[in-house]
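Me: Could you walk me through this structure, one question at a time? I would like the cut-offs along the way.

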Amino acid sequence: AMSAALVGYSSSEEEQEQEGESRSGGAQGPPRASSGRPRLPAPAGLPGDPDPEEAVSDDSSRHGGRVRGFPHERGNWATHVYLPYIAQEEFLELLELLLSRARTYVPSLAAMEEFHLSLSQCVVLRYHWIEPFVRSLRERLAAFHRFFCVADQVKVYTNQNKTRTFIGLEVSAGHFQLLELVSEVDEVLEEFDLPTFYKDPSFHISLAWCVGDLSGRLEGQCLRELQDIVDGFEESAFLLRIQWEQILCKSGNKYFSFPLR
């Protein structure tokens, strides 16, 4: 059973890679001139981007073999709308337990450095669209209240072109409120002729990733063992019931916050 396409990562790496959880932004500096002049510094990638260098170079050997799904052009800004999850110490302890077990199946797994739940794919905005895009998001999201969701189901994801595999915690409660948020974000994306979110999304927080499609090794026995770790973790009921307080939009190296009421 291959899982739902990475729902959320439409972040730059993957997204760019063509989606999954990617992040490498559209706000990179220009390609290096033949004179060898240094390029502009590249902004860090989307949340959880394990390798900001990817934003700087199209040489796939520099970033674990990842391939960007859309070519960089100056003036294009990789843009992603998501709910940030601030990891507490206990969450990082749970993550370490999960990773050490999962690495007995896939040694190359790496932990995400930041955690989030995506509400959009990674899309490309022209620079002059950022301000009206953010204004439109602010208007549509202004009425939303804070809400809880529970993210406690371990699941395996791949990005769309199967260049990366992720382990995530899928939402088991709060799905309806997340769909309501996505429908508002989708309306804004449609105003700008940008791709909307996946149909029937699997909302999740990615925990770890590796290069290649290794879902076959992680599903089945490994997945059952990981779920047992989550279910047996003393703090998990408290940790994995999350109250979202704000939505973020990252465009290139700029962040815009939309507080929930």
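Me: Is Gln227 buried or exposed?
Reply: Happy to help; this is a predicted model, so local features need pLDDT of at least 70, side-chain atom pairs count only at pLDDT 80 or more, and totals for chains, interfaces and linings use all residues. Residues are numbered from 1 along each chain as its sequence is written, and side-chain values use heavy atoms, with hydrogens and water left out. Buried means under 20% relative accessible area, exposed over 50% and partly exposed in between (1.4 Å probe, protein chains only). Because its relative accessibility is 14%, Gln227 counts as buried.

Me: Which residue offers its backbone oxygen to the side chain of Gln227?
Reply: Gln227 is found in helix 6 (residues 221-232); helices (H or I, at least four residues) and strands (E, at least two) are DSSP runs, numbered from the N terminus. Leaving aside neighbours within four places in sequence, Gln227 is in contact (heavy atoms within 4.5 Å) with Asp152, Gln153 and Val154. A polar atom of the Gln227 side chain lies 2.9 Å from the backbone oxygen of Asp152.

Me: Why does Glu96 count as partly exposed?
Reply: Glu96 is found in helix 2 (residues 89-102). Glu96 counts as partly exposed because its relative accessibility is 43%.

Me: Which side chains of strand 4 are buried?
Reply: In a regular strand the side chains alternate between the two faces of the sheet. Strand 4 (residues 123-126) shows this alternation: Val124 and Arg126 point to one face and are not buried, while the buried ones on the other face are Val123 and Leu125.

Me: Which residue stands opposite Val123?
Reply: Strand 1 (residues 76-85) and strand 4 run antiparallel, joined by 4 bridges; two strands pair if DSSP finds at least two bridges between them. Opposite Val123 in strand 4 stands Thr79.

Me: Which members of the largest nonpolar core touch the most other members?
Reply: A nonpolar core is a set of buried Ala, Val, Leu, Ile, Met, Phe, Trp, Tyr and Cys residues joined through side-chain atoms within 4.5 Å. Residues touched by Trp244, not counting those up to four places away in sequence, include Leu83, Phe147 and Leu260. Of the 66 residues in the largest core, those touching the most other members are Leu119, Phe133 and Trp244.

Me: How far apart are the C-alpha atoms of Val156 and Phe166?
Reply: Val156 is found in strand 5 (residues 147-158), and its relative accessible area of 1% makes it buried. Val156 and Phe166 are 10 residues apart along the chain, and their C-alpha atoms are separated by 5.7 Å.

Note on methods:
A polar contact is a pair of N or O atoms within 3.5 Å; within protein, one must be able to donate a hydrogen and the other to accept it, and residues adjacent in sequence count only if both atoms are side-chain atoms.
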